[in-house]
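Please examine the sequence and the three-dimensional model shown below. The paragraphs that follow lead from a single residue to the whole fold and then back to individual positions.

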Amino acid sequence: MKNAEHHRGLEQRMEYFDYLRILATFAVMILHISAHNWYLTDVESWQWNTLNIYDSMVRWAVPVFVMISGALFLGGSQSMEQILKKNVKRILAALVFWSILYAVVVYFATGCGIKNAVAEVVTGHYHLWFLFMLTGLYLIVPFLRKIVESESFIKYFLALSFLFSFVLPQLFEIVSLYSESAGSVISRVMDNVDFHFARNYVFYFVWGYYLNRIRLDRKARRIIYTAGIIGFLATILLTAGVSVWKGEALETFYGYFTINVMLQSMLIFVLVKQRFEAISVSEKKKKFVRTLSEYSFGAYLVHALVIEALNLFGIHSLAFSPVLAVPVISVLVFVLSYLISALIHKIPFLKKYIV
């Protein structure tokens, strides 16, 4: 009975990861579509404010992707050899293929020249940075597993990471808005400490594992939901406020390592986990969700190409009212990207190495 309960619990967690993965993929598409004209629009216009609302509402997407990976890998039993041969190899193969593909497209679409095309291959298209980052996290999984074995170590690690990834960098950003010289002092202190191992995405990697493992009571969830709502509102209002103040679109409160975005990410992760545990779905729906989840990686990789192809036909966030344009185009990109990913999955070799 105990083993059966453990199996059901593992299956349940996997299914809520599927929902999260699909939602995060769609959120990334909304983010990139709403961001397309974000810099080019008057910050005091209603169009810019509409784009800001949409963009602010989905800043959690990348952190949630990382949290899912952390929950799976730090809670999994994959050996380092398996991670290298299966996961890292697959990520690198996909990175090489898609970097070359996007570089070729950019070369012929813009006439950027061979030198710039080669640079595009080496650095990757704007959304492929995620694969570089994920590879780095996979490589330190054995070290992080040692940390998460201990309750006291994991709490200490998260506290340390929160301080150096969120509190100090955000303090630097806010102070720099008022005084660049004062901000540079904080920056120099952080550089002198030279503390990197527990910074940035590794926080979300470990945080996802921890939130997946613990069971939160109703009071704790309410606190998380309230804090998350505050995070969403703060992202919208602070971004609008600082952009109008400075007279240009500023990402000061858009960063993945701002406290407001971290609170958003925590809300989405916990809410989806809790909602899935509270409902029962049919096997048919489970199969459909798993299939969509399986296609998510390919959809993420190809969605930038779909967005840029639509832009060539004048289909973008300001093609008509952004209130409708962003969600309508996002759904269109979502459907087309998943269809392309589904087609790629029909080809065994490509399915194995590039999606």
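Is Ser56 buried or exposed? The model under discussion is a predicted one, and in it Ser56 has a relative accessible area of 0%. Because the limit for a buried residue is under 20% relative accessible area, Ser56 counts as buried. The residue belongs to helix α2, which comprises residues 46-57. Neighbours within four places in sequence aside, the contacts of Ser56 are Phe232, Thr235, Ile236, Tyr254 and Gln264.

The overall architecture provides the setting for this residue. The protein contains 15 helices and zero strands. Its radius of gyration is 21 Å, close to the 20 Å that the globule rule gives for 355 residues, so the protein is as compact as a globular protein of that length. Along the principal axes, the C-alpha atoms fill a box of roughly 60 × 50 × 40 Å. Of the 355 residues, 48% count as buried. When contacts between residues at least 6 apart in sequence are considered, 83% of them join residues at least 24 apart.

The surface can be described in similar terms. The accessible surface comes to about 18,000 Å², and carbon and sulfur atoms account for 67% of this area. The protein carries 32 positive and 22 negative side chains, with the centres of the two sets lying 11 Å apart.

The interior comes next. The largest nonpolar core has 84 residues, and the members that touch the most others are Val66, Trp98, Phe130, Leu131, Tyr201, Tyr204 and Trp207. Val66 illustrates how such a residue is surrounded: neighbours within four places in sequence aside, Val66 is in contact with Phe130, Met133, Leu137, Tyr201, Tyr204 and Phe205. Apart from this core lies another, of 16 residues, including Leu310, Val333, Phe334 and Ala342.

Which residues of helix α6 are buried? In this helix, formed by residues 129-139, they are Phe130, Leu131, Met133, Leu134, Thr135, Leu137 and Tyr138. A general property of helices is useful in reading such a list: an α-helix has 3.6 residues a turn, so residues three or four places apart point the same way. The cover over the buried residues of α6 includes α3 (61-74), α4 (80-110), α7 (141-148), α10 (201-213) and α13 (283-312).

Trp129 also lies in helix α6. Because its relative accessibility is 29%, Trp129 counts as partly exposed. Beyond its neighbours within four places in sequence, Trp129 is in contact with Val62, Tyr201 and Tyr256. The C-alpha atom of Trp129 is separated by 26 Å from that of Val272, a residue 143 places away along the chain.

Asn200 is situated in the loop between α9 (180-193) and α10. What is notable about its backbone is the phi angle, near 65°, a positive value in a residue other than glycine. As a general matter, most residues other than glycine have a negative phi. With a relative accessibility of 28%, Asn200 counts as partly exposed.

Two further positions occupy the loop between α1 and α2. His36 is found in this loop, α1 covering residues 2-35, and counts as partly exposed at 38% relative accessibility. Residues up to four places away in sequence not being counted, His36 touches Asn311 and His316. Between the C-alpha atoms of His36 and Ala117, which are 81 residues apart along the chain, the separation is 22 Å. Ser45 lies in the loop between α1 and α2 as well, but this residue is buried, with a relative accessible area of 14%. From Ser45 to Glu180 the distance is 28 Å, C-alpha to C-alpha, with their positions 135 residues apart in sequence.

Finally, where is Asn260 placed? Asn260 is in helix α12, which comprises residues 259-278. Its relative accessible area is 6%, so Asn260 is buried. Residues up to four places away in sequence not being counted, Asn260 touches Gln170, Gly231, Ala234, Thr235 and Phe253. Thr235 thus appears here and also among the contacts of Ser56, the residue with which this account began. Asn260 and Ala159, 101 residues apart in sequence, are 17 Å apart in space, C-alpha to C-alpha.

Note on methods:
Residues are numbered from 1 along each chain as its sequence is written. This is a predicted model: local features need pLDDT of at least 70, side-chain atom pairs count only at pLDDT 80 or more; totals for chains, interfaces and linings use all residues. Side-chain values use heavy atoms; hydrogens and water are left out. A nonpolar core is a set of buried Ala, Val, Leu, Ile, Met, Phe, Trp, Tyr and Cys residues joined through side-chain atoms within 4.5 Å. Buried means under 20% relative accessible area, exposed over 50%, partly exposed in between (1.4 Å probe, protein chains only). Contact means heavy atoms within 4.5 Å. Helices (H or I, at least four residues) and strands (E, at least two) are DSSP runs, numbered from the N terminus. The radius of gyration is taken over C-alpha atoms; the globule rule is 2.2 Å times the number of residues to the power 0.38. Accessible areas come from the Shrake-Rupley method with a 1.4 Å probe; for residues, only the protein chains shown count as cover. Lys and Arg count as positive and Asp and Glu as negative; His and the chain ends are not counted. The place of a charge is taken as NZ of Lys, CZ of Arg, CG of Asp or CD of Glu.
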